[in-house]
Structures are given as C-alpha cells and as structure tokens.
Amino acid sequence: MSSLDKKNNLDADSNELSYELLEVAIQESISEKTSAVQALHGIKFTFAFDESSLNPVICKPNLLRRVISNLIQNAIEASSQGGVIELRTYRNSDDKVTFEIKDQGSGIDLSILEKLFQKNVTFGKASGSGLGLYFVKQNIDLWGGGISFKTSSQGISFSIVFT
C-alpha cells in the first residue's frame with residue numbers, strides 16, 4: 001500500500017460523516033487554485049448555485065474538499081489556455097443535491113471509459129498516479145452518493161449526487 005493510500009485510508013477512518021455546505025467546500029477549493037490558474041493558464045471559473053441546493057450534504061468535510069479539488073485540477077489540466085470551467089449546484093429530479101463541474105477540454109477517449117475510476121490507471125498524464133478519480137469515487141460511494149459523467153469532443157462534465 002502506498003503512502004498516499006495509507007493517508008487516504010487514515011483520513012477516511014478518522015472522521016465520521018457529517019453535514020457540510022457544498023458551496024463553502026467548492027469556494028474554498030477554488031480559492032486555493034484561482035490566482036495561480038488564472039495567471040498561468042488564463043482559465044476562468046463560472047459558478048451557478050441554485051438556492052434549492054443550499055442545504056448541507058452528508059460527507060466527510062475534509063475529504064469533500066479534496067474530492068472537489070481533484071475534479072477541479074483535472075478540469076484545469078484538460079482545459080486549454082483561456083478556457084472556462086463551469087461549476088454549479090442544483091437539486092435534481094429526485095430532489096437530491098447535485099454538484100456539476102464541466103470543462104472545455106477534448107473529452108475522454110471512448111476506449112478508456114470502462115477504466116475511468118480504476119485504481120492505478122492513468123490516462124496521458126506524465127505525473128499521474130491513477131489515484132485521483134479512484135479516490136473521488138471511493139469517497140462519494142462511502143457517503144452514499146453517486147458520480148456520473150458525460151464526455152464529448154467539447155469537454156467532460158462530472159456530476160456528483162449527494163444523499
């Protein structure tokens with residue numbers, strides 16, 4: 001087991017599930033990256049927070065920030081100079097809070113879709129460990145939520161549904 005796996009397991013076991021405002025976690029994750037990203041890549045972020053989604057979600061707050069940060073980092077890496085990353089929250093048709101992040105990259109090659117959330121599988125990143133999306137999915141599953149995505153040649157959109 002790698003040191004990152006051990007840290008993730010320790011973090012996962014050390015906190016009980018609690019309630020967190022999704023918007024707060026998103027804003028904190030974005031603020032970590034905004035100035036450096038905008039200066040280096042000219043990437044802009046757009047936010048759309050539906051008032052109906054302002055209720056707290058069940059998660060492990062420290063890990064929720066890491067999940068969001070991981071998805072933001074992937075979107076940044078997929079985006080070209082001057083791209084836009086869209087973030088939004090809303091209530092879906094099942095009345096569950098949903099977080100969506102969409103980039104304007106080239107999308108995901110259809111041949112790798114079935115491996116997307118597998119551990120130690122990376123796709124075209126020289127420094128990729130293959131743990132990022134695996135970590136995201138494991139934590140969302142732990143919280144009783146779900147993750148899905150849509151991909152096209154105009155980018156990828158990840159949606160996380162919270163219980």
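**Entry 1. I108**

I began with I108, which touches L113, L116, T151 and I156 when residues up to four places away in sequence are not counted; contact here means heavy atoms within 4.5 Å. The model I am reading is predicted, so local features need pLDDT of at least 70 and side-chain atom pairs count only at pLDDT 80 or more, while totals for chains, interfaces and linings use all residues. Residues are numbered from 1 along each chain as its sequence is written, and side-chain values use heavy atoms, with hydrogens and water left out.

I located I108 in the loop between β5 and α4 (132-142). Helices (H or I, at least four residues) and strands (E, at least two) are DSSP runs, numbered from the N terminus. I then looked up the exposure of I108 and found a relative accessible area of 17%, so I108 is buried. The cut-offs are under 20% relative accessible area for buried, over 50% for exposed, and partly exposed in between, with a 1.4 Å probe and protein chains only. I also checked I108 against A78: the two are 30 residues apart in sequence, and their C-alpha atoms are 9.6 Å apart in space.

**Entry 2. The whole chain**

I counted 4 helices and 7 strands in the protein chain. From the N terminus on, I read the order of elements as α-β-α-β-β-α-β-β-α-β-β. Of the 163 residues, 39% count as buried. Among contacts with a separation of 6 or more, 69% are between residues 24 or more positions apart. I noted an exposed area of about 8,700 Å² for the chain, of which carbon and sulfur atoms supply 51%; accessible areas come from the Shrake-Rupley method with a 1.4 Å probe, and for residues only the protein chains shown count as cover.

**Entry 3. Strand β5 and its partners**

I turned to β5 (residues 97-102), where 5 of the 6 residues are buried, so this strand is largely enclosed by the rest of the structure. Which strands pair with β5? I found 6 bridges joining β5 to strand β4 (residues 84-91), the two running antiparallel, and 5 bridges joining β5 to strand β7 (residues 155-161), also antiparallel. Two strands pair if DSSP finds at least two bridges between them. On the β4 side, I recorded Y90 with T98 of β5 as its bridge partner. On the β7 side, K102 has S157 as its bridge partner.

I followed S157 further. This residue of strand β7 has a relative accessible area of 9%, so S157 is buried. Leaving aside neighbours within four places in sequence, I listed its contacts as E100, I101, K102, S148, F149 and K150.

The hairpin of β4 and β5 has 5 residues between the strands. In that loop I found D95, whose phi is near 65 degrees, a positive value in a residue other than glycine. D95 has 53% relative accessibility and therefore counts as exposed.

**Entry 4. Helix α3 and the core**

I checked the length of helix α3 (residues 61-78): at 1.5 Å a residue its 18 residues should span 26 Å, and its end C-alpha atoms are 26 Å apart, which agrees. The expected span is 1.5 Å times one less than the number of residues. Among the buried residues of α3 I noted P61, R65, S69 and N70, as well as L64 and L71.

I next examined the largest nonpolar core, which has 34 residues; L22, L64, L71, L87, F99, I101 and F158 have the most contacts inside it. Such a core is a set of buried Ala, Val, Leu, Ile, Met, Phe, Trp, Tyr and Cys residues joined through side-chain atoms within 4.5 Å. Its largest share, 8 residues, comes from α3. For L71, leaving aside neighbours within four places in sequence, I listed contacts with F99, I101, L133, V136, F158 and I160.

**Entry 5. Aromatic pairs**

I found 4 aromatic pairs in a search of the whole structure. In one of them, the rings of F149 and F158 have centres 5.9 Å apart and planes at 45 degrees, so the pair is tilted. Rings of Phe, Tyr and Trp (its six-membered ring) pair if their centres lie within 6.5 Å; planes under 30 degrees apart count as stacked, over 60 as edge-to-face and the rest as tilted. How exposed or buried are the two residues? F149, at 25% relative accessibility, counts as partly exposed, whereas F158 is buried, with a relative accessible area of 7%. I closed by noting that F117, F149 and F158 form one aromatic cluster.
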